[in-house]
Amino acid sequence: ENTRKKRSTLYRYRHRMIRIVSIIAIIAILFVPALIYQRLEGLDSLGYLGFFAANYFGYGLYILPFLVTKLNPVLLILIGAFGSTIDEVFAWYVGKTGELHEKPSKLHQKVERYIHRYGLFGIFVIGVVPTPGFIVTIAAYISGHFQIPFRKYFIAGFSGRLISRTIWTLGFLYASKRVSWF
């Protein structure tokens with residue numbers, strides 16, 4: 001019984017720490033741009049190609065607030081969705097052609113069960129929901145491993161990211177009209 005009590009305490013402690021870290025991360029994401037805005041005013045000089053590269057490398061949402069009022073929002077949505085989807089092509093290809101040489105992690109197994117259960121709809125949802133990049137990469141790898149055709153994978157992933165980027169862009173546009181530092 002003493003062991004159960006320790007596990008329960010550890011479990012509560014972990015969840016409390018995760019909540020605290022999550023709150024700090026959300027606050028940082030909301031306020032850091034305001035603190036460094038003066039240094040990033042010239043960011044719009046990157047243009048659409050720079051925004052594509054930022055999305056390809058997984059940093060598109062970090063610079064979107066600075067570009068949303070200076071460049072065409074519709075093009076930013078399309079470029080952001082395309083760049084972040086193209087980012088996962090290599091992982092899909094490795095999943096299709098490669099073999100798993102190591103024991104999959106618990107996270108890998110969870111994502112695999114999710115993709116196996118929901119298929120293309122699961123890939124679409126992973127594209128819509130703000131998830132860490134490594135989960136999207138695992139999903140791309142698993143999609144290739146399950147022999148999901150590239151065209152279907154790309155359409156599902158792109159559609160999900162298109163909705164996600166639309167929500168983010170509209171949110172930043174709305175915020176730009178309400179907050180003076182945009």
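A residue counts as buried when its relative accessible area is under 20%. Keep that cut-off in mind for this predicted model. Of the 182 residues of the protein chain, 33% count as buried.

**Stop 1: the whole chain**

Show the chain as a cartoon. You will find nine helices and zero strands. Trace the elements from the N terminus, and the order reads α-α-α-α-α-α-α-α-α.

**Stop 2: helix α1**

Select residues 2-36, which make up helix α1. Now pick out Ile 24, which lies in this helix. Is Ile 24 buried or exposed? Its relative accessible area is 54%. Exposed means over 50%, so Ile 24 is exposed.

Next, add Leu 10, Tyr 13, Met 17 and Ile 20 to the selection, and keep Ile 24. Switch on the surface. These five side chains form a nonpolar patch there. Together they have about 470 Å² of accessible area.

**Stop 3: where α6 meets α8**

Hide the surface. Select residues 106-118 for helix α6 and residues 133-145 for helix α8. Two packed helices are described by the angle and the distance between their axes. What are those values for α6 and α8? The axes come within 9 Å and cross at roughly 55 degrees. That angle makes α6 oblique to α8. The crossing of the two helices is right-handed.

Stay on helix α8 and select Tyr 141, which is found there. Its relative accessible area is 13%. That is under the 20% cut-off, so Tyr 141 is buried. Now add His 108. Along the chain, His 108 and Tyr 141 are 33 residues apart. Their C-alpha atoms are separated by 9.8 Å.

**Stop 4: the loop after α8**

Move on to Gln 147, in the loop between α8 and α9. Check the backbone here. Most residues other than glycine have a negative phi. Gln 147 is not a glycine, yet its phi is positive, at about 60 degrees. With a relative accessible area of 44%, Gln 147 is partly exposed.

**Stop 5: helix α9**

Select residues 150-178, the span of helix α9. Begin with Phe 150, which is found in this helix. Phe 150 is partly exposed, with a relative accessible area of 32%. Which distance separates Phe 150 from Lys 96 in space? Draw a line from C-alpha to C-alpha: it spans 9.5 Å. In sequence, the two residues are 54 apart.

Follow helix α9 along to Trp 168. Trp 168 counts as partly exposed, at 32% relative accessibility. Add Leu 61 to the view. How many residues lie between these positions in sequence terms? Trp 168 and Leu 61 are 107 residues apart in sequence. In space, their C-alpha atoms are 7.9 Å apart.

**Last look**

Return to the full cartoon and its nine helices. Highlight Ile 24, which is exposed, and then Tyr 141, which is buried. Finish on Gln 147, which is partly exposed.

Conventions: Residues numbered from 1 in each chain as written. Predicted model: local features only at pLDDT ≥ 70, side-chain atom pairs only at ≥ 80, totals over all residues. Heavy atoms only, no water. Patch = residues over 30% accessible without salt bridge, like charges linked within 9 Å, V, L, I, M, F, W, Y side chains within 5 Å. Areas by Shrake-Rupley, 256 points an atom, 1.4 Å probe, with all protein chains shown as cover. Salt bridge = Lys/Arg side-chain N within 4 Å of Asp/Glu carboxyl O. Helix = DSSP H or I, 4+ residues; strand = E, 2+ residues; numbered from the N terminus. Buried < 20%, exposed > 50% of the residue type's maximum accessible area, 1.4 Å probe, protein only. Axes fitted to C-alpha atoms, helices over the stretch in contact; angles between N-to-C directions. Parallel < 35°, antiparallel > 145°, perpendicular 65-115°, else oblique. Left-handed = near helix turned anticlockwise from the far one by under 90°.
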